[in-house]
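Hi there,

Here is the structure I promised to pass on. Please have a look at it, and then read on for what I found.

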Amino acid sequence: MAAGGRASGRPAKKKGPSKGAGGQGRRSLEGRGATPPAEMRHWYKDKARAERITREEQGGARRPAPTRQRRSEDAPEYIGGRNPVLEALTAGVPSSALYVAQRIDNDDRVRDSIRIAAEHGIALLEVSRDKLDRLTEGAVHQGIALQIPAYDYAHPSDLVEIAHDAAEVPLIVALDSVTDPRNLGAIARSATAFGAHGLLIPSRRSAGVTGGAWKTSAGTLATMRVARASNLTAALREYRDAGLFVIGLDGAGETDIGDVDLLTEPLVVVVGSEGKGLSRLVREQCDVVTRIPMQAAAESLNAGVAAGVALYEVARHRRL
């Protein structure tokens with residue numbers, strides 16, 4: 001016989017399957033499935049929170065804000081950020097609550113903001129950073145935000161009554177398509193300095209009394225009343241019917257502001273936007289369209305600066 005071995009005389013036993021591990025080895029090779037996304041891992045929230053805090057403290061790039069729904073006119077506004085909040089509180093911007101993040105890393109700005117809020121009876125609320133994200137609509141808030149109540153606008157006729165109650169010749173400043181709140185604040189400051197009795201703004205396509213306007217006004221909006229009209233052209237027409245003259249301020253005007261002979265009369269000074277000037281319909285309601293004389297190298301003035309120059313000229317004529 002080939003391959004050696006002695007025959008036993010019994011048929012060879014057929015080899016069957018040997019005892020195994022019950023398929024456990026095969027299952028171990030299948031792995032644990034797909035790798036879970038980062039947001040499903042236990043460490044994700046802590047890491048994301050740490051990165052967000054670091055980004056805010058370093059003044060990092062602003063994240064894209066979520067889609068904003070149109071705010072109600074009666075809804076409060078929120079100022080976020082350590083410097084803006086401290087500046088608003090120092091300027092005396094009316095505030096209803098100061099929101100501070102839990103476990104915030106205090107610095108002098110945070111401590112000063114809390115101190116000023118306590119001195120003025122402003123509510124102090126400790127909230128999560130997620131809540132601050134929602135209140136500031138995704139802006140970089142650095143763990144602190146200030147709530148400003150909605151401004152209570154006057155009626156256009158109230159501005160004339162303010163002048164009559166003071167036994168003074170009415171002087172009202174109207175804004176046509178001035179969309180920067182900082183210009184509104186600067187004009188309020190000039191209007192207060194030169195004896196105006198109020199500001200008139202349209203309800204659409206115009207800056208409103210926001211936190212930016214309050215800060216630029218250096219607190220003068222606390223005494224300078226702002227009225228809002230649904231239709232600026234109609235409001236100017238009503239002023240004219242009440243005996244006021246309307247002067248439009250525009251770089252394309254043909255008369256210098258110093259040469260206008262109506263400056264001592266009951267007056268509405270209309271300031272146009274820096275780029276477009278006065279709109280056509282507003283221009284048609286003006287008794288005079290005037291300009292500020294200046295060198296040809298300067299094509300136009302900022303709306304806030306132009307209003308200040310014009311109001312100074314009005315005040316100068318009224319003192320003569």
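Arg 280 and Glu 284 are joined by a salt bridge, with 3.1 Å from N to O. Bear in mind that this is a predicted model. Both residues belong to helix α10, where they sit 4 residues apart, about one turn of the helix. An α-helix has 3.6 residues a turn, so residues three or four places apart point the same way. Arg 280 is exposed at a relative accessible area of 57%, while Glu 284 is partly exposed at 48%.

Helix α11 holds a similar topic for you. There, Glu 313 and Arg 316 make a salt bridge whose closest N and O atoms are 2.5 Å apart. The two are 3 residues apart in α11 (residues 303-319), which puts about one helical turn between them. Glu 313 has a relative accessible area of 12%, so this residue counts as buried; Arg 316, at 29% relative accessibility, is partly exposed. Elsewhere, Arg 82, Asp 107 and Arg 109 are joined into one network by salt bridges that share partners.

While you are looking at α11, a few more details may be of use. This helix has 17 residues, and the 24 Å from its first C-alpha to its last is close to the 24 Å expected at 1.5 Å a residue. At the N-terminal end, Asn 302 acts as a cap: one of its side-chain oxygens lies 2.7 Å from the backbone nitrogen of Gly 304. The buried residues of α11 include Ala 303, Gly 304, Ala 307, Leu 311, Glu 313, Val 314 and His 317. What do the buried residues of α11 pack against? Their partners are β5 (171-176), α7 (181-193), β8 (245-249) and β10 (267-272).

Another salt bridge links distant parts of the chain. It pairs Arg 240 with Asp 287, and the closest N and O atoms are 3.0 Å apart. Arg 240 lies in helix α9 (residues 232-241), and Asp 287 lies in the loop between α10 (280-284) and β11 (288-291), 47 residues away. Arg 240 is partly exposed at 33% relative accessibility, and Asp 287 is also partly exposed, with a relative accessible area of 33%. In total, the structure holds 11 salt bridges. As for the general background, side chains of opposite charge can pair when their charged atoms come close.

Asp 287 turns up again in the surroundings of Phe 245. Phe 245 is found in strand β8 and is partly exposed at 29% relative accessibility. Leaving aside residues up to four places away in sequence, Phe 245 touches Leu 262, Glu 265, Pro 266, Leu 267, Val 268 and Asp 287. The C-alpha atoms of Phe 245 and Pro 170 are separated by 10.0 Å, although these residues are 75 positions apart along the chain.

Finally, some figures for the whole chain. The secondary structure comes to 11 helices and 11 strands. Of the 320 residues, 39% count as buried. Among contacts with a separation of 6 or more, 80% are between residues 24 or more positions apart. The accessible surface is about 19,100 Å², and 49% of that area belongs to carbon and sulfur atoms.

Happy browsing, and all the best!

Notes. Residues numbered from 1 in each chain as written. Predicted model: local features only at pLDDT ≥ 70, side-chain atom pairs only at ≥ 80, totals over all residues. Heavy atoms only, no water. Salt bridge = Lys/Arg side-chain N within 4 Å of Asp/Glu carboxyl O. Buried < 20%, exposed > 50% of the residue type's maximum accessible area, 1.4 Å probe, protein only. Expected span 1.5 Å × (residues − 1). Contact = heavy atoms within 4.5 Å. Polar contact = N/O pair within 3.5 Å; in protein donor to acceptor, adjacent residues only side chain to side chain. Areas by Shrake-Rupley, 256 points an atom, 1.4 Å probe, with all protein chains shown as cover.
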